[in-house]
Amino acid sequence: MTLPSRQALVPFVSVENMMRLVLHVGIEQMMVELTHAIEADFRRWPAFDKTPRVASHSDIGVIELMPTSDGQHYGFKYVNGHPGNMRQGLQAVTAFGVLADVATGYPLLLSEMTILTALRTAATSAMAAKWLAPRDARVMAMIGNGAQAEFQALAMKTVCGIEEVRLYDIDPAATRKCAANLAGRGLRVVSCDTAEQAVLGAQIITTCTADKQYATILTDNLVGGGVHINAVGGDCPGKTELHRDILLRAGIFVEYPPQTRIEGEIQALDPDHPVTELWQVIAGEAPGRTDAGQVTLFDSFGFAIEDFSALRHILKRLEGTEFFLELDMIADPDDPRDLFGMIIRSEGQ
Ligand SMILES: NC(=O)c1ccc[n+]([C@@H]2O[C@H](COP(=O)([O-])OP(=O)(O)OC[C@H]3O[C@@H](n4cnc5c(N)ncnc54)[C@H](O)[C@@H]3O)[C@@H](O)[C@H]2O)c1
């Protein structure tokens, strides 16, 4: 059997190895590192190729490709969103991704991204809150206590200093699961019976529910002044979480307007409703929160650059570890023009 060449081998991070890597680094430390990696890339936003993700919708979900490049590296993520999957014992969101070298086009990394998406989504929320939430925010409401929830709460604790998380889900079993997972992690955890109870005293409200419809997880009367909202779950045409009146009085911050206007909460608004791109706040080109009483909204859908940053960080973090396998993924004959000959010569070996 001929051994594959060095260039044929691509590091692959399986789910098992991603879990080992995350535990090795520490979940909270990993979220801090991802926040820094994403923030560094938001700061150089104009350097990236940007395009709305390529979505294939069905009645019950969506499958999407999310590509971007900074001219040196190219990355893409495959991701699905199927809110009904949970009822069949499946994840609503699963993902994997590739990072490649632009100079040769050869892949540098293939990775699971279901766990990595949860980590990078939480890191992105925390990064946005760091720039937009009131400075003294210590209490957070977490509405929707599914797969993403614990990541969101822990990132807010580690990056923004949140001390209390108030949980609410229409399914009390989800809240029980979330509270049990967060126990002993340095947060005061309060389980609530209604969204109204959850937002009491919260300066940060994160909505992270899954339902393919125009839902109203938060009504206008629930949102007081000086609050920062992270709307994570509205990320598809026809899938939103906030009442329109909240949007009309909030300072709205987004990742990439051409995609947010199709997929974010602001699909409910006029196409020219003013929004600020979050990268501009981070790069010092636009103001963030303008006064203590302002309601700020990070209308997040998850942009390709966040995945790109996460993949690059994982590649760096793999150095010197054993948390990957090498996949014989790229056909790489000694003579690049002799692809056919490589097959023939392998016969009987
Ligand atoms: N913005 C992003 O970058 C990003 C990234 C990942 C996931 N998401 C989105 O986040 C959402 C949550 O993902 P997940 O993996 O945690 O899903 P999940 O199915 O594991 O959890 C969703 C939870 O929401 C609860 N829920 C549904 N309707 C509700 C309501 N009206 N009030 C309160 N709770 C309600 C469900 O009971 C469930 O526990 C999905 O919509 C997903 O598409 C966004």
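Helices and strands are here DSSP runs, numbered from the N terminus. In these terms, Ala331 sits in the loop that links strand 17 (325-328) to helix 11 (339-346). The model is a predicted one, and this loop residue makes a handy starting point for a walk through it. Ala331 has 13 other C-beta atoms within 10 Å and is therefore partly exposed. Once neighbours within four places in sequence are set aside, the contacts of Ala331 are Ala8, Leu339 and Met342. Ala331 also lies 8.7 Å from Gln7, C-alpha to C-alpha, although 324 residues separate the two in sequence.

Attention turns next to helix 2 (residues 27-43). With 17 residues at 1.5 Å each, helix 2 should span 24 Å, and the 24 Å between its end C-alpha atoms agrees with this. Its buried residues are Met30, Met31, Leu34, Thr35, Ala37, Ile38, Glu39, Asp41 and Phe42. These buried residues pack against helix 1 (15-25), helix 3, helix 4, helix 9 (278-282) and helix 10 (304-318).

Among these partners, helix 4 (residues 149-160) can be described in some detail. Two packed helices are described by the angle between their axes and by the distance between those axes. For helix 2 and helix 4, the angle is about 70 degrees and the axes are 9 Å apart. Angles of 65 to 115 degrees count as roughly perpendicular, and the pair is therefore roughly perpendicular. The crossing of helix 2 past helix 4 is right-handed. Helix 2 contributes Ile27, Glu28, Met31, Val32 and Thr35 to the contact, while helix 4 contributes Leu154, Ala155, Thr158 and Val159. Sorted by class, this contact between helix 2 and helix 4 holds 6 nonpolar, 2 polar and 1 charged residues. Met31 and Thr35 of helix 2 take part in this contact and are also listed among the buried residues of the helix.

Helix 3 (residues 114-132) offers a second example. Its 19 residues, at 1.5 Å a residue, should span 27 Å, in agreement with the 27 Å between its end C-alpha atoms. Helix 3 is mostly covered, with 15 of its 19 residues buried. Helix 3 packs with helix 10 at an angle of about 115 degrees, and the two axes are 10 Å apart. This crossing, too, is right-handed. Leu116, Leu119, Arg120 and Thr124 of helix 3 meet Glu306, Asp307, Ala310 and Ile314 of helix 10. By class, the contact of helix 3 with helix 10 comprises 4 nonpolar, 1 polar and 3 charged residues.

How values were computed:
Residues numbered from 1 in each chain as written. Predicted model: local features only at pLDDT ≥ 70, side-chain atom pairs only at ≥ 80, totals over all residues. Axes fitted to C-alpha atoms, helices over the stretch in contact; angles between N-to-C directions. Helix = DSSP H or I, 4+ residues; strand = E, 2+ residues; numbered from the N terminus. Parallel < 35°, antiparallel > 145°, perpendicular 65-115°, else oblique. Left-handed = near helix turned anticlockwise from the far one by under 90°. Contact = placed C-beta atoms within 7 Å. Nonpolar A, V, L, I, M, F, W, Y, C, P; charged D, E, K, R; others polar. Expected span 1.5 Å × (residues − 1). Buried ≥ 20, exposed ≤ 12 C-beta atoms within 10 Å, placed from the backbone.
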